[in-house]
Amino acid sequence: MKTLAIKLLPPPPKQYSIFMAQGLLKSLPKILKQLKPAARYVIITDNIVKKILGDPLVKSLKKSGLTVDLISFPAGEKNKNEKTHSKLTQQMLAKKCGRDAMILALGGGVVGDTAGYVAATYMRGIPYVQIPTSFLAMVDSSIGGKVGVDTPQGKNLIGAFWHPEAIIVDIDCLKNLPREQLINGLMESVKIFLTYDKSFFEFTKKNWKRVLAKNPQLLGKIIARAIELKIGVVVRDEHDLNERMVVNWGHTIGHAVEHLSNYKLLHGYSVALGILVESKISQLLGILSEKDFQIIRDTMVQFDIDEKDLQKFKISDIVKLTLMDKKSGNGKVKYVLLEKIGKAKKDARGMFGHEVDQKTVISAIKFFIK
Ligand SMILES: NC(=O)c1ccc[n+]([C@@H]2O[C@H](COP(=O)([O-])OP(=O)(O)OC[C@H]3O[C@@H](n4cnc5c(N)ncnc54)[C@H](O)[C@@H]3O)[C@@H](O)[C@H]2O)c1
Ligand SMILES: [Zn+2]
């Protein structure tokens with residue numbers, strides 16, 4: 001047998017910017033012209049964002065001399081799937097888009113993940129720009145280059161790491177965002193504050209009413225801090241080998257209930273239930289104090305999260321689905337554990353994933369559905 005070695009050079013490091021301001025979409029043509037040159041742009045969005053922001057954006061890009069098309073798909077998590085990915089790809093092929101096209105992912109996390117995945121796979125990868133329009137997408141899903149779709153077996157099980165050329169955050173986009181969607185997104189910032197920044201968790205709690213009233217300064221402050229924290233995690237562990245699982249805190253249980261609800265329970269609300277159960281797991285294991293657990297539980301009530309929603313699911317179904325979690329292997333599920341508000345636990349080897357026995361997980365869920 002003859003063995004030949006293939007030794008590839010490491011890829012050059014990628015650097016790109018996150019631009020953030022009120023009214024920034026007005027400057028989009030100018031920003032695009034400063035990025036990697038593209039022969040044409042394809043806005044991918046959902047049917048709701050198309051009407052509010054997509055159609056006006058097409059007009060303004062055309063007016064500034066850019067070649068632009070818009071393709072859309074029906075809004076909602078249930079459409080973040082392989083069928084939509086394939087349909088969008090076919091539409092781009094029909095429009096004869098080449099490798100010199102650039103995708104503009106305009107929308108919430110569903111659009112960002114799906115359009116980003118189209119960008120990652122179209123002709124083996126073309127450039128794209130994330131333009132998050134939901135709070136959740138601004139603070140979380142647009143940051144970090146994870147793109148992909150759900151499958152009948154579970155969430156985000158197919159995807160890629162594919163970073164955009166830029167991320168453009170225009171807080172004015174939030175003007176039309178329904179209150180429920182705002183809370184939904186706030187739960188992802190609460191998640192990152194609970195694991196990394198106690199003072200911002202307290203800040204969010206204290207200013208909750210003004211945040212819900214969409215005070216732009218407050219929203220801007222929370223979004224900027226959540227983005228900053230997530231960038232830190234992504235830079236330290238881009239490929240999700242250890243620390244990046246901390247941004248999935250609350251998601252082991254959260255993804256399970258989201259899936260079991262047939263995606264009727266929104267992602268952020270599902271994660272909030274996951275935060276409750278996973279905080280309880282940490283407390284049952286003697287890692288998180290009773291006092292901190294109670295603060296988190298009380299705050300979730302203030303944040304309009306109803307822990308009784310957990311009663312809608314069978315414990316055995318939740319536990320079964322956690323085995324599909326990407327952090328699991330050999331039938332064992334790894335959890336991120338909270339040491340105190342603002343700090344996730346590392347083991348002696350510096351690892352953030354901790355195997356937790358099923359009995360503790362079941363006791364934690366039972367605590368909320370008694
Ligand atoms: N890639 C990642 O790292 C990552 C991280 C966190 C979450 N996610 C994914 O993000 C998704 C959830 O994102 P989401 O909550 O934004 O969902 P979404 O994209 O479904 O948006 C929520 C709803 O808000 C509407 N909307 C969006 N922007 C709007 C605006 N400006 N005005 C009015 N309506 C608007 C959408 O049409 C949709 O109906 C999940 O699929 C989750 O898995 C991915
Ligand atoms: Zn999430």
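This passage looks at two helix pairings in a predicted model.

A good place to begin is helix H10, which spans residues 251-260. This helix is mostly covered, with 9 of its 10 residues buried. The buried set consists of His 251, Thr 252, Ile 253, Gly 254, His 255, Ala 256, Val 257, Glu 258 and His 259. The cover over these residues includes two strands, S7 (154-161) and S9 (334-336), together with helices H11 (267-284) and H13 (315-322). Just beyond the end of H10, Asn 262 adopts a positive phi of about 60 degrees.

Of these neighbours, H13 can be followed in more detail. The axes of H10 and H13 come within 9 Å and cross at roughly 120 degrees, and the crossing is right-handed. On the H10 side, the contact involves Thr 252, Ile 253, Ala 256, Val 257, His 259 and Leu 260, which meet Asp 317, Ile 318, Leu 321 and Thr 322 of H13. By character, the residues of this contact comprise 6 nonpolar, 3 polar and 1 charged.

The second pairing brings together helix H6 (residues 179-196) and helix H7 (residues 198-206). Their axes lie 6 Å apart, and the packing angle is about 140 degrees. Angles over 145 degrees would count as roughly antiparallel, so H6 and H7 are oblique to each other. Their crossing is left-handed. Here Ser 189, Val 190, Phe 193 and Leu 194 of H6 meet Phe 200, Phe 201 and Thr 204 of H7. The residues of this contact divide into 5 nonpolar and 2 polar, with no charged residue.

Methods
Residues numbered from 1 in each chain as written. Chains lettered and ligands numbered in written order. Predicted model: local features only at pLDDT ≥ 70, side-chain atom pairs only at ≥ 80, totals over all residues. Buried ≥ 20, exposed ≤ 12 C-beta atoms within 10 Å, placed from the backbone. Helix = DSSP H or I, 4+ residues; strand = E, 2+ residues; numbered from the N terminus. Contact = placed C-beta atoms within 7 Å. Axes fitted to C-alpha atoms, helices over the stretch in contact; angles between N-to-C directions. Left-handed = near helix turned anticlockwise from the far one by under 90°. Nonpolar A, V, L, I, M, F, W, Y, C, P; charged D, E, K, R; others polar. Parallel < 35°, antiparallel > 145°, perpendicular 65-115°, else oblique.
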